[in-house]
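Please open the structure in a viewer and keep the selection tool at hand. The tour below proceeds from one selection to the next.

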Amino acid sequence: MTMILVFSVLLLLGLCGNIASGGQPPSTSTPGALNYELPTSEYETQDTFNAGIVGPLYQMVHIFLHVVQPNDFPVDMIRKLIQREFDFSVDSKEPENIVLALKMVYYEIGVLICAILGLLFIVLMPLVGYFFCMCRCSNKCGGEMHQRQKRNESCRRKFLAISLLLICLLMSLGIMYGFVANHQVRTRIKRTQKLAESNYRDLQILLDETPKQIDYILAQYTTTKNKAFSALDGIDSLLGGRIKDQLKPNVIPVLNEIEHLATAIKQTKVALENMNSSLEIIQDGSTQLSTNLTTLRNSIQKSLNSSDCASDPASKICASIRPELSNLGSNLNSSQLPSVDRELNSVNDIYRTDLESVAKRGYTFIDEIPGKVRNQTVAVIADVKQALDSISSNIKNVSQSIPIEEVLVEVSHYINDSNSYFHKELPKLEEYDSYWWLGGLIVCFLLTLIVTFFFLGLLCGVFGYDKRATPTRRGCVSNTGGIFLMTGVGLSFLFCWILMILVVLTFIVGANVEKLLCEPYANKKLFQVLDTPYLLREQWQFFLSGLILKDSNINLTFEQVYRDCKKGRGVYATFQLDNVFNISENFNIEKHTGEIIKELDNLNVNVDNIELLDKAGRENLQDFAHSWKDAIDYSKYLKEAEKSPTKVDLLAFASSLEEKANKLPEGKLKQALKTDVQNIIAIHQQQVLPLQQSLDALKQSVRTLERTSDKLPEKVNKVISSLDSAQNFLTTNISSIVIGETQKYGRTVTGYFEHYLQWVLYAITEKMTSCKPMATAMDSAVNGVLCGYVADPLNLFWFGIGKATMLLLPAVIIAVKLAKYYRRMDSEDVYDDVETVPMKNLENGSNGYHKDHLYGVHNPVMTSPSRY
């Protein structure tokens, strides 16, 4: 059986070696800007095989086998057996061979003991049956139809009946195991066919999916190239934008400060101009207003001095007007509002520097960088694109150099031939399986027949037994029960040895398959044996690498291949095919990206330096900072601007004057005062109101100037310092920034291909053509078919049948003894005592049974006078 396992493993792994380019295409996702995912397929064959509801029965048998055979898998012994090719004919008397044989016997001691017991059963049971039959025919061994009655017969009968019932129940349980196992055997061909077809479909899916994966890998280069082309076409935003972003933090804030300073200077200039204009208007207006008010005051005074004011009531009215004339005058002092021509001239000098143009020129310099980069790199970008197109053909040539198509065709033929052979031999397997199933069914029915006779015997015996009837007068039902029991005994002697032969044979085969194949395959110890150097072929250190890679020195083991395939690893990495075709060298990243890097090295971007502010402009700013003196007394201007143009409200004065004039009698005085009222109103409208507006404008200009010119020299000095710092940064760092960002841009473009080529290596070596279906096929062959569909049902069969057969021995003994209590006897014990009246005997509880300890003498045998 071990040799069968070795050949089966080699066959399956030989298949694995042939399909080194096929595999399960799981999803592969790589990080970064580009994500690639191989096409995936769903395989229908399960990795594990579930026995279903009969699993606990199989586990029970495994526990029994562990008790019978508790020794660990003999790795060293199997190695020596394989090295000797299981041949003991040569030098069989050598000490080493004797030791090896003793180790085998020690390992198989549990199986041998059970087999020997079975052989003893096979030999002794027919002999015992023969002598028992001869003995019975001689009216010995319970063959005489006479039963001596004793006091405890009732307890003995019940004990024997219960014991036989329990034994029959246990036998029925074993027979049930046999039926279940036989049913499992009946369906194993269908399950094997279904499992094999499932594995064939999975392998075919693997073969069909491999070209798709290769095409996908090649197609992803186009995706990567398009991504790179997009980066090359967007060099203005990627490279130019990055350079721009590096300069903006150091330049844009300075330009913003210049813009703000220019705005402040412009606002200051406007405020000074407005202030100067308002001052001129106020000076001229206040002088003219003072003159006109003096003239008006003199006119009123002249009218009040006329003769019309001499008599009452005019004299009183004139007297009341004279005190108010002193307030009729200008309230402004123009000498308190000096001109701001000096300050305006200073602002005009710096305003000619045109800081707004300086800021605009800086903004334009920053914004034009992406366009400059694009214009300067047109030729280099074209060369890089040409290099990328050439890499595409190189990758395609490398991919075509991998011997996949030939292997796929060969493996496809192998799978098709294997599938055809399987279906061709399937009818024979079904025929053999039906023979086995029929034989197992016959065995189960034989045991069922024997147990049925025992059950019928118990049923008829128990329910037909009459304790009042004497042995010679027992009823027909009770007698039939005894006959059934003896029939079961006869059938047991007739067939038990045949059943035991079948049990021993299936036990030896099934136990060894389980212990030498299934268990070591499950715990991978079998692989340790196969991975022994120089074991399967003396010239090869590692058999698998010698078979697949043609180099036995490469450490390629069965266990490692199975483990990697089980994990879904690619065939390339699993079988270490880099020793046959080193894809890392052909997909060398530096080799393919070197041309791109070489072209990108020619990427020369020149961003001309800029002078943000010339020397003359800087000197103007410095002069302004030194010359500007914030000496304007804003409070004085505001104080004068807050004053009213006249000492008295002219409209109120005119109203009061008119009211008093109306009290005068008609005459020249009254007419003169009304004329003066009209003049006062005219002066207010024509001179006072405009003058008041000029004062308001002056007040607003002063407040604006106070706000805009606040710490103006400090602002100018700050701008000068910021300009110096920004100019120094541009002069010193702009070249290194351009070089650094150009290198980053080059790494971005080449990074796409490095990322792609790394993924290609990973996909081909680790994921493409995953050998998981091969490991699944191996599990299907060993765990599924050999162990699950053959060994486990076979072991359950011999376990159940063997259990029932072994229980036949106590069942026969008990049935023979119990039959005496149910069968009708030819003779019975009689009593010599005078107390033979049935009622008396009943009172004594004897039912006519002889009691030696009561009567002291043996009763003669009396033939039954009648039969039922």
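**First stop: helix H26**

Select Gln758, which is partly exposed, with a relative accessible area of 45%; buried means under 20% relative accessible area, exposed over 50%, and partly exposed in between, with a 1.4 Å probe and protein chains only. The model is a predicted one, in which local features need pLDDT of at least 70 and side-chain atom pairs count only at pLDDT 80 or more, whereas totals for chains, interfaces and linings use all residues. Residues are numbered from 1 along each chain as its sequence is written, and side-chain values use heavy atoms, with hydrogens and water left out.

Gln758 belongs to helix H26, residues 712–767; helices (H or I, at least four residues) and strands (E, at least two) are DSSP runs, numbered from the N terminus. Now add Ser584 to the selection: its C-alpha is 9.5 Å from that of Gln758, although 174 residues separate the two in sequence.

Remain in H26 and display Tyr756 and Trp759, which are both buried. Their ring centres are 6.4 Å apart and their planes are at 35°, so the pair is tilted. Rings of Phe, Tyr and Trp (its six-membered ring) pair if their centres lie within 6.5 Å; planes under 30 degrees apart count as stacked, over 60 as edge-to-face and the rest as tilted. Tyr756 and Trp759 are three residues apart in helix H26, and therefore about one helical turn separates them. Extend the selection to Tyr36, Tyr216 and Tyr221, which form one aromatic cluster together with Tyr756 and Trp759.

**Second stop: helices H6 and H27**

How many aromatic pairs does a search of the whole structure find? The search finds 19. For one of them, select Tyr177 and Phe799: the ring centres are 6.2 Å apart and the planes lie at 25°, so this pair is stacked. The pair joins distant parts of the chain, with Tyr177 in helix H6 and Phe799 in helix H27, 622 residues apart. Both Tyr177 and Phe799 are buried.

Within helix H6 (residues 153–186), move to Ser163. Ser163 is buried, with a relative accessible area of 14%, and its side chain reaches the backbone oxygen of Phe159 at 2.8 Å.

Next, colour the whole of H27. Of its 35 residues, 27 are buried, so H27 is largely enclosed by the rest of the structure. At Cys787, H27 bends by about 45°, the bend being the angle between axes fitted to the seven residues ending there and the seven starting there.

**Third stop: the second largest pocket**

Display the second largest pocket, whose volume is about 700 Å³. Which residues are closest to its centre? They are Phe49, Asn50, Ala51, Asn783 and Gly784, out of 28 that line the pocket. On a 1 Å grid over the protein atoms alone, a pocket is an open set of points where a 1.4 Å probe fits, with protein on both sides within 12 Å along at least five of seven lines; lining residues have an atom within 4 Å of a point. Helices H2 (55–68), H7 (188–233), H15 (476–522) and H27 (772–806) are the elements that give two or more residues to the lining. H27 gives the most, with six residues.

**Last stop: helix H8**

Finally, select Asn274 in helix H8, residues 235–304. Asn274 counts as partly exposed, at 38% relative accessibility. Add Ala697: the C-alpha atoms of Asn274 and Ala697 are separated by 7.7 Å, while the two residues are 423 apart along the chain.

Terms used: Grid points are joined across faces, edges and corners, and a volume is the space filled by probe spheres set on the points. A polar contact is a pair of N or O atoms within 3.5 Å; within protein, one must be able to donate a hydrogen and the other to accept it, and residues adjacent in sequence count only if both atoms are side-chain atoms.
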